[in-house]
Amino acid sequence: MRLQIENPEVGFEYEYRLAVSAGGNLTDPFIRMEDGLGNPTSEVLINGAQGFYQYEVRKINANNTCGIFLIFS
């Protein structure tokens, strides 16, 4: 499954985790969206079985962490 940020903002990186409403936990760490070489990217491939998924995504930069928004798939 592909998790992709449409219209990513320049200067920000993105992190994601499984949403609580989809079986995640508030203490689960956010996972940095990066390519196979460790470079920031706005899309990642996620392993998963067939079904409904919901992810929390946040954007970050060196100065701050912005709010969390939900991605449905």
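1. Two rings of Phe, Tyr or Trp (for Trp, the six-membered ring) count as a pair here if their centres lie within 6.5 Å. With that cut-off, searching the whole structure turns up 2 aromatic pairs. Bear in mind that this is a predicted model.

2. Take Tyr16 and Tyr55 to begin with: they meet edge-to-face, with 5.9 Å from centre to centre and 75° between the planes. Tyr16 belongs to strand β2 and Tyr55 to strand β5, so this pair ties together parts of the chain that sit 39 residues apart in sequence. Both Tyr16 and Tyr55 are buried.

3. Tyr55 also pairs with Tyr53, and that one is stacked: 6.4 Å between the centres, 15° between the planes. Tyr53 is buried, like Tyr55. Put together, the ring pairs join Tyr16, Tyr53 and Tyr55 into a cluster.

4. Those tyrosines turn up again in the largest nonpolar core, which has 10 residues, including Tyr16, Tyr53 and Tyr55 along with Leu3, Ile5, Met33 and Val57. Strands β2 (13–18) and β5 (54–60) each put at least two residues into this core.

5. Have a look at Ile5 while you're in there. Leaving out residues up to four places away in sequence, Ile5 touches Tyr14, Met33, Ser42 and Val57.

6. Two other rings have a charge sitting over them. The charged end of Arg58 is over the ring of Phe30, 4.0 Å from its centre. Likewise, the charged end of Lys59 sits over the Phe12 ring, 4.8 Å from the centre.

Terms used
Residues are numbered from 1 along each chain as its sequence is written. This is a predicted model: local features need pLDDT of at least 70, side-chain atom pairs count only at pLDDT 80 or more; totals for chains, interfaces and linings use all residues. Side-chain values use heavy atoms; hydrogens and water are left out. A nonpolar core is a set of buried Ala, Val, Leu, Ile, Met, Phe, Trp, Tyr and Cys residues joined through side-chain atoms within 4.5 Å. Buried means under 20% relative accessible area, exposed over 50%, partly exposed in between (1.4 Å probe, protein chains only). Helices (H or I, at least four residues) and strands (E, at least two) are DSSP runs, numbered from the N terminus. Contact means heavy atoms within 4.5 Å. Rings of Phe, Tyr and Trp (its six-membered ring) pair if their centres lie within 6.5 Å; planes under 30 degrees apart count as stacked, over 60 as edge-to-face and the rest as tilted. A charge sits over a ring if NZ of Lys or CZ of Arg is within 6 Å of the ring centre and within 35 degrees of the ring normal.
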